[in-house]
Amino acid sequence: MKNIKFEITHESTDTNARCGILKTLHGDVETPIFMPVGTLATVKFLSVEEIKAIGSGIILSNTYHLWLRPGSDIIEKAGGVHKFMNYDGPMLTDSGGFQVFSLADNREIKEEGVTFRSHLNGDKLFLSPEKAIQIQNQIGADIIMSLDECIHYPAKHDYVKESVDRTLRWAKRGKETHSRSDQALFGIVQGGEYEDLREYCAKELVKMDFDGYSIGGTSVGEDKETMYKMVDYSIKHLPHDKPRYLMGVGAVNDILEGIERGVDMFDCVLPTRIARHGTLITSQGRINIKRNIYKDDFTSLDPNCDCYTCQNYTKAYLNHLYRSKEGLGDRLCSIHNLRFLIKLVENARIAIKENKFKEYKEKIYSEYKFDERGF
RNA sequence: GGAGAAGUAGCGAAGUGGCUAAACGCGGCUGACUGUAACUCAGCUCCCUUCGGGUUCGGUGGUUCGAAUCCGCCCUUCUCCA
C-alpha cells in the first residue's frame with residue numbers, strides 16, 4: 001500500500017510556485033496548504049466540525065506531547081489518533097524535534113538521542129530517532145517526521161555541521177525503523193543559515209529517498225531575509241516531484257514568500273496563539289481586539305472575510321469577550337485567524353493556476369499594513 | 001442618645017516615626033507571540049517630565065531634625081446597645 005501520492009497539478013510560469021494534490025488515506029489535500037496546529041490532538045478551543053468548517057485540509061499533532069500525555073499506548077489502544085480525537089481527515093505529526101529546541105533548558109543531546117526532563121513533572125525521558133518513529137507509528141498520523149535537531153540562531157558553522165551530520169544519521173535510523181507503509185515519512189533539512197550546509201543536508205536526505213522533505217530550523221530568531229535565504233538554499237536541492245514543507249512558518253508574508261519559492265506545506269501556531277491573546281489577522285494587518293477603540297465598534301473584523309466569526313459577530317462583542325475572559329472569544333478569534341490564512345492560501349492556489357501569483361502577492365502586500373518588524 | 005471600629009492612589013488591601021510616591025491583588029492602558037511548557041508573558045498605571053522636580057495617605061492644627069505612621073479638634077462611614 002502506497003502511503004501518500006503527490007501530484008503536481010500546475011506550475012506557475014511567473015514564479016516557482018506550484019499547485020499539487022497530496023493524496024492520503026484520509027483524503028486529498030490541495031497544496032499549497034496551511035495546516036493548523038493541534039499539538040495535543042486538539043486545535044486549541046476548536047471542535048473537529050469547526051476545523052473542517054474553516055476549510056482546513058490537514059492538521060498537525062505532536063509526538064513529544066502525546067507521548068507524555070495521554071501516552072502513545074493510549075492513542076494506539078484508541079485505534080490511532082484519528083479515532084481518538086474523532087477526526088477523519090489527513091493528519092501530520094511532528095517528531096519532537098522542535099521540543100529539542102524549545103525545551104532546551106531541560107535536555108541533553110547525544111548521538112544516541114535526546115535526554116529530556118519532562119516539562120510536566122521533571123521525569124527523565126529519552127527520545128531517540130527510533131523511538132520518535134515508533135511513537136509516531138503508534139499515533140498513526142498520515143505523515144510523520146524524522147527526529148531532527150532544530151538549532152538556535154545564530155550558531156557557529158562548526159556546530160551546525162556537527163548537528164546536521166547527527167540529524168542525517170538520525171534520519172537514516174528513523175527511516176530504517178519506520179514500519180507502517182500507510183504513513184509517509186519526511187526528512188528534515190537543517191543547516192542553519194549556511195548555504196553549503198543546507199545543500200549538503202538536502203542532498204544527503206534526498207539520497208535516502210524520503211516521501212517528502214521539510215525545511216526546518218527557520219523562524220528561530222533570524223530576520224526574515226535570512227529565513228528566505230534558508231528556504232532558497234534548501235529548496236534548490238530538493239526533488240521537484242516530492243512535497244516540500246516549511247515547518248513552523250505562518251506569518252502572512254512568510255507564507256507568500258514560501259509559496260513563491262516552491263513550498264507546498266506550512267504549519268504554524270501563530271494564528272491560534274495570537275488569537276488566544278487577542279490579536280487578529282485581517283486583510284489590513286494585525287489588530288489587537290482588546291484595545292479600547294473596539295469597545296463600541298459594531299462592525300465585523302474584516303469585511304473581506306467569510307469566516308463564521310466575521311459573518312456573525314462584531315468587534316465590540318469580541319472585545320467584550322476578551323475583557324470578560326470568556327473562552328468563546330478565544331474560539332471565535334482562532335476560527336477567524338485560521339480561516340484568514342487558509343483563505344490566503346486558497347486564493348494563492350487560484351492565482352498560481354492563473355499564473356498570477358506575483359500579482360496576487362503584491363496585492364496582498366499593498367493592502368496589509370506590516371509593522372516595522374514585518375508582521 | 002450611649003459604646004466600639006474604621007477612613008491609604010480607579011477599587012480592594014498592606015504599611016503604624018526616616019530604607020515610602022507608598023508592598024500586593026484587581027481593574028485600566030500598551031506591546032510581544034512563527035514545527036504550542038503560552039486562555040500566556042512584558043512594560044506602564046498621582047501630576048509635570050530626559051535627568052529631575054512637584055503635590056499625596058478624610059480635614060485641620062500640633063509634636064519632631066523628620067509624620068500615612070504620635071497628639072488635639074472636626075467631618076464621614078460601619079457595628080452593637082437604647
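Student: Which helix supplies the largest share of the surface near RNA strand B?

Tutor: This is a predicted model, where local features need pLDDT of at least 70 and side-chain atom pairs pLDDT 80 or more, while totals for chains, interfaces and linings use all residues. Residues are numbered from 1 along each chain, chains are lettered from A and ligands numbered from 1 as written, and side-chain values use heavy atoms, without hydrogens and water. Near means a heavy atom within 4 Å, and five residues of that surface come from one helix (a DSSP run of H or I, at least four residues; strands are E, at least two). That helix is H11.

Student: How many residues lie around RNA strand B, and what percentage of its atoms within 4 Å of the protein do sugar and phosphate account for?

Tutor: There are 47 residues around RNA strand B, and Cys 150, Ser 219, Gly 248, Val 269 and Arg 373 come nearest. Of the strand's atoms within 4 Å of the protein, the sugar and phosphate share is 49%.

Student: Which residue has a polar side-chain atom 2.9 Å from a base oxygen of RNA strand B?

Tutor: Polar contacts here are pairs of N or O atoms within 3.5 Å. His 119 uses a backbone N or O atom, 3.5 Å from a base nitrogen, and Arg 273 places a side-chain N or O atom 3.0 Å from a base nitrogen. The contact to a base oxygen at 2.9 Å belongs to Lys 224.

Student: How many charged residues does the surface near RNA strand B have?

Tutor: Asp, Glu, Lys and Arg count as charged. The surface near RNA strand B also has 15 nonpolar and 16 polar residues. Its charged residues number 16.

Student: How much space lies in the largest pocket?

Tutor: S5, H5, H9, S14 and H11 each give at least two residues to its lining, which divides into 16 nonpolar, 18 polar and eleven charged residues. The space in the largest pocket is about 1200 Å³.

Student: How many residues line the largest pocket?

Tutor: Closest to the centre of the largest pocket are Phe 98, Ser 219, Gly 248, Cys 268 and Val 269. The residues that line it number 45.

Student: Which helix gives five residues to the lining of the second largest pocket?

Tutor: About 310 Å³ of space lies in this pocket. Its lining has 14 residues, with Ser 283, Asn 304, Phe 340, Asn 347 and Ile 364 nearest the centre. Helices H14 (327–353) and H15 (357–367) each give two or more residues. The largest share, five residues, comes from H14.

Technical notes:
Polar contact = N/O pair within 3.5 Å; in protein donor to acceptor, adjacent residues only side chain to side chain. 1 Å grid on protein atoms, 1.4 Å probe; cavity = no way out; pocket = protein on both sides within 12 Å on 5 of 7 lines; lining within 4 Å. Points joined across faces, edges and corners; volume = space filled by probe spheres on them.
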